[in-house]
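Reader: Hey, got a minute to walk me through this one? I'd like the basics before I set anything up.

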Amino acid sequence: MQRRYMRFLGLIFGAFAILAVVALLGGLWVVHHYSRDLPDYRQLAVYEPPVTTRLHTGDGSLLAEYARERRLFVPIAQIPPRVIGAFLSAEDKDFYSHGGIDFTGVIRAIFTNLRNIGSDRRPVGASTITQQVAKNFLLGNEVSYGRKIREAILTFRIERAFSKDRILELYLNEIYLGMGSYGVAAASLNYFGKALDELSVAEIAYLAALPKAPSNYHPVRRREAATARRNWVLDRMYEDGRITRTEWEEAKATPLETTEGHRGNTTSAEYFAEEVRREIVSLYGEDSLYEGGLSVRTSLDPKMQAMADKALHEGMIDYDRRHGWRGPITRIKRAEGTDWATALVEVPAPAGLSAPGIGSWRLAVVTGVDGNAAAITLADGETGRVPMAEMKWARAATTGQHVGPAPQKPADVVRAGDVIAVEALQKAGDYGLRQIPNVGAALVALDPHTGRVLAMAGGWSFGESQFNRATQAKRQPGSTFKSFVFATALESGLTPSTLVMDGPFTADQGPGLPPWRPSNYAHDFLGPITLRVALEKSRNLVTARLAYYLGMDRVKALAERFGVVTDMPPYLAMSLGAGETTLLRMTAAYGEFVNGGKKITPSLIDRIQDRRGRTIFKHDMRPCDGCIAASYNGQPPPSIPDTRPEVIDPGTAYQMVSILQGVVERGTGGRVRAVGKPLAGKTGTSNDYKDAWFIGFSPDLVAGVFFGFDQPRSLGRGEAGGSVAAPVFRDFMKQALADKPALPFRIPPGLRLVRVNPRTGAPAAPGERAIFEAFKPGTEPFGPRPVLDGSEEAGFHGGGLFDDPLANDYMGAGGVPPVLPGAVSSPASAGDTSTGGLY
């Protein structure tokens, strides 16, 4: 009997031994089978997750973010312990004690799930943080036993290869927490607008509640469930001793409040940001932009950008209103039983309804009109009225930028069913009629000493059109180009007081081409006038004579040195601005006058740092010994060399500054005088008023304004640079220089200042109106002065000067250049297809 019992035990033992061997072999086979083609877990040692690239303005505010996954990587040492504790309590409280798989947790989950059979409760999982790292980084979310086995194998390998802190660092920076947030740092900003170390206990608990199912705990759409889940995390934190009872009670009593979409201190400058985005892509590629976690410090000045937006948009509105009302946005018919507000909700808002620098414009539907106002209803059901006083501007727009008669009553402008744009007025219930401008325009401002672009408005609204008219629109600069012809003249030895004949001019354009006969804006002649007066009054004929006398190759060379054009054909018509350039190029070129003739390159980016904070790009590459000092001990400030190449002699540059200041004080830029501070600049208008410009500067700020339709057509008769662009420049400069002292323009050494009559250029007599004109030594206007003719009629090829013994007679009584009798019109411009600048 005993022998039989022992044999039975032996059989049982043998069976168990065989089963154990089979299980062992089976386990080894499973491990071997599922270990094949496993991802290389060692890549986690050098893993760099895709991180958000952020653009900041010059004062540090956020400008834009670019990412495929919105994530900010934070080293584990920089994550507050309480944030770490909250996630451990919620996800894996024994993380630092288990070996990768929490067998106690697995058993607990099995019993919990058995107990919940038949209930509505979800099955409880037991995945550790290490398992989630294996799944999220290496395996994906496939639901299968095979994936779980592979996950377990990788989990053990990861635990052996990496420290717990490294595993936790990967987890907290990789996990998806909703609202496009990857990692705890991005979620903290997106939900609360705070850095991790600024979060309250309640906010930390809410973030720790999200990993299981972020969409189920949305703070607005599922507030009740989100609050309950947050409170559950608070309970776990209290049980684990991570918070005190007082903190637990206060946090649970705190309402769940988030700032969804908040980005803290932000600046809107979409045209500028898009230019920066394109530049980064050209430098480093799209992957670096959208995944590299670059920190980009731009040159943008947020205050100046707001001023630029306001001035440009107000100028666009003023221009648009001068050319009439183009009618309602659309018309709607109200279905039977439907109110106006319900019908209006179905109308999509135009992209240009929202633009920086303007008030809050809204869609409204006209519900009726009477003799004094139009009754309107808004999409939210609010009602109001547009008084007739707010519609007086709305003359009907006709062809050629003309307008019809002034409206006499609201019915002349709108009728019931019209959908219009309105803006609330100060009086409750009253609204103003608004219209989205259809003209293109741009404004750019930069530092003339460094080239840093401080503000850029590329149009009415980036949402309406991403075409940046400051950088992408190549247009005829009109008379703003004349400055480079006159600079060539000064560089060639002429002076601001040199006399040039303002009279009929004809030039041969070559075999088979008709002669070129430009004309002045007013089709008149002034006879011999000074270079100063010629540019102040923007005289086309004098400019053409100068270009012919100097030779267009010289003008071309100087314009290319200034960066206005790249490869300009040396045709005479180019001297009047018939070529094409961009607003940014022209503005930077004018900056090279006021900075003393130094070359600048417009720049939007000051510095780029990689995800580790290493500087990989700097705009200012000048050497600076002593800039990185450990401390200040009374040592002198570092001396930074000026490495900018010279594009023109400083004396010549100042002579141009002085003449351009005269354009503002006595010439075509007179509207700018209202700023009340030293300013200089030049108007520009192309043929048929298709382009209107003003480029100008103070001693330390240069700005340019452009107006023109994207498909070039006339802006309307009389809509020249002085009347369209100059007022925008004036309004911008008035704000930008409001708190700046009235600094005079800097005069370089080596010039002689002579008191002259500003109209004749001759030395001023006692008591005579005079200005101080700058001359290079030996060129002062003493004695007889020749008159430059330079026309083919005078027999010159390449131009010439002649000494006129009757020069004083040319100047008329008192030395003032006369208008020739009858203001004779210029000859017909047969064959002249492009005379360039007008005014």
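Author: Sure, vocabulary to begin with: buried means under 20% relative accessible area, exposed means over 50%, and partly exposed is in between, with a 1.4 Å probe and protein chains only as cover. Tryptophan 361 is buried by that rule, because its relative accessible area is 7%.

Reader: Where do these coordinates come from, and what's the numbering?

Author: This is a predicted model, where local features need pLDDT of at least 70 and side-chain atom pairs count only at pLDDT 80 or more, while totals for chains, interfaces and linings use all residues. Residues are numbered from 1 along each chain as its sequence is written, and side-chain values use heavy atoms, leaving out hydrogens and water.

Reader: Okay, how many helices and strands are in the chain?

Author: There are 22 helices and 24 strands. Those are DSSP runs numbered from the N terminus, helices being H or I with at least four residues and strands E with at least two.

Reader: And what share of the residues counts as buried?

Author: 51% of the 839 residues. As for contacts (heavy atoms within 4.5 Å), 71% of those between residues at least 6 apart in sequence join residues at least 24 apart.

Reader: Back to tryptophan 361. What's the geometry of its pair with tryptophan 460?

Author: Ring pairs of Phe, Tyr and Trp (its six-membered ring) need centres within 6.5 Å; planes under 30 degrees apart are stacked, over 60 edge-to-face, and the rest tilted. A good example to start with is tyrosine 66 with tyrosine 290, which are edge-to-face at 6.2 Å centre to centre and 90 degrees between the planes. Tyrosine 66 is in strand S2 and tyrosine 290 in helix H12, 224 residues apart. For your two tryptophans, the centres are 5.5 Å apart and the planes at 45 degrees, so that pair is tilted. Tryptophan 361 lies in strand S7 and tryptophan 460 in the loop between strand S13 and helix H15, so the pair ties together parts 99 residues apart in sequence.

Reader: Is tryptophan 460 buried or exposed?

Author: Buried, at 3% relative accessibility.

Reader: Which residues form the aromatic cluster?

Author: Phe481, Phe484, Phe562, Tyr590 and Phe593. Tyr590 and Phe593 are also among the buried residues of helix H19.

Reader: Tell me about H19, then. How far does it reach?

Author: H19 covers residues 583-594 and reaches 17 Å from its first C-alpha to its last, close to the 16 Å expected. That expectation is 1.5 Å times one less than the number of residues. In H19, 11 of the 12 residues are buried, so the helix is largely enclosed by the rest of the structure. After H19 comes glycine 596, with a positive phi near 90 degrees.

Reader: Switching to strands: which ones pair with S20?

Author: Two strands pair if DSSP finds at least two bridges between them. S12 runs antiparallel to S20 with seven bridges, and alanine 442 has phenylalanine 706 as its bridge partner in S20. S19 also pairs with S20 in the antiparallel sense over seven bridges, including one from phenylalanine 694 to valine 705. A hairpin of two residues connects S19 to S20.

Reader: How covered is S20 itself?

Author: Mostly covered, with eight of its eight residues buried. Leu701, Ala703, Val705 and Phe707 point one way, and Val702, Gly704, Phe706 and Gly708 the other.
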